[in-house]
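Work through the exercises below with the sequence and the structure at hand. Each task is followed by a solution in steps.

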Amino acid sequence: MNPALTLIILSILTILLIGSLVILYLKLKQERNHIRQLAEKEENLQRIIKERDSLEEQITALESRDEGEGEIDRLKTGIELTLKKALKRAEEENFQKNTFLSNLSSEIRTPLNNIIGFASLLETETSLIENKELFEYARGISESGDRLIS
């Protein structure tokens, strides 16, 4: 095979590989941001749980003092509403998280499969021109991609 043509093919494959890596990096960065948002939502849920615990303590204190049942009922209703809102919010966030992770998995696998494919082509081309160093680099890319896929 013509060395100039081989060099052009290797250059194109390298450019495509780098482009795929950039896309993968951007997707991972997006995932990190989403995970940070999920952590913030988790903190909010913990705050709501603390508020619920505080309200329960107030109810216990009122019950022990045997004060009016109207106040106790009002606090219980407040706790129930808070819990229902928190549960609904948690269910919605869990659904969003699962949807996000499912989409992200698909969006990461597509460019990763491209990377593995181009690395395989690069391995084939470098073995034909008998360049062991480039062949080892290409093999490393393929193996790393396979580990990421699995």
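**Exercise 1.** Find what joins the side chains of Glu 40 and Arg 36, and state how far apart the two residues are in helix H1.

*Solution.* Step 1: this is a predicted model, and in it the side chains of Glu 40 and Arg 36 form a salt bridge with an N to O distance of 3.0 Å. Step 2: the cut-off for a salt bridge is 4 Å between the side-chain nitrogen and the carboxyl oxygen, so the pair qualifies. Step 3: Glu 40 and Arg 36 are four residues apart in helix H1, so about one helical turn separates them. Step 4: Glu 40 has 38% relative accessibility and therefore counts as partly exposed; Arg 36, at 43%, is partly exposed too.

**Exercise 2.** Describe the pair Glu 51 and Arg 47 by the steps used above.

*Solution.* Step 1: a salt bridge links the side chains of Glu 51 and Arg 47, at 2.7 Å from N to O. Step 2: because they lie four residues apart in helix H1, the separation is about one helical turn. Step 3: partly exposed means between 20% and 50% relative accessible area. Glu 51, at 37%, falls in this class, and so does Arg 47, at 41%.

**Exercise 3.** Which network does Arg 52 belong to?

*Solution.* Step 1: Arg 52 forms a salt bridge with Glu 56, and their closest N and O atoms are 4.0 Å apart. Step 2: the two residues are four apart in helix H1, which means about one helical turn between them. Step 3: Arg 52, Asp 53 and Glu 56 are joined into one network by salt bridges that share partners. Step 4: for the full structure, the count of salt bridges is five.

**Exercise 4.** Which elements give two or more residues to the lining of the largest cavity, and what kinds of residue make up this lining?

*Solution.* Step 1: the structure has one cavity of 30 Å³ or more, and the largest cavity holds about 30 Å³ of space. Step 2: its lining consists of Lys 41, Asn 44, Leu 45, Ile 48, Ala 86, Arg 89, Ala 90 and Glu 93. Step 3: H1 and helix H2 (69–128) each give two or more residues to this lining. Step 4: sorted by kind, the lining has four nonpolar residues, one polar and three charged.

**Exercise 5.** Which residues make the nonpolar surface patch of about 340 Å²?

*Solution.* Step 1: the patch is made by Leu 5, Ile 8, Ile 12 and Leu 16. Step 2: Ile 8 lies in helix H1, which spans residues 3–65. Step 3: with 49% relative accessibility, Ile 8 counts as partly exposed.

Technical notes. Residues numbered from 1 in each chain as written. Predicted model: local features only at pLDDT ≥ 70, side-chain atom pairs only at ≥ 80, totals over all residues. Heavy atoms only, no water. Patch = residues over 30% accessible without salt bridge, like charges linked within 9 Å, V, L, I, M, F, W, Y side chains within 5 Å. Areas by Shrake-Rupley, 256 points an atom, 1.4 Å probe, with all protein chains shown as cover. Buried < 20%, exposed > 50% of the residue type's maximum accessible area, 1.4 Å probe, protein only. 1 Å grid on protein atoms, 1.4 Å probe; cavity = no way out; pocket = protein on both sides within 12 Å on 5 of 7 lines; lining within 4 Å. Points joined across faces, edges and corners; volume = space filled by probe spheres on them. Nonpolar A, V, L, I, M, F, W, Y, C, P; charged D, E, K, R; others polar.
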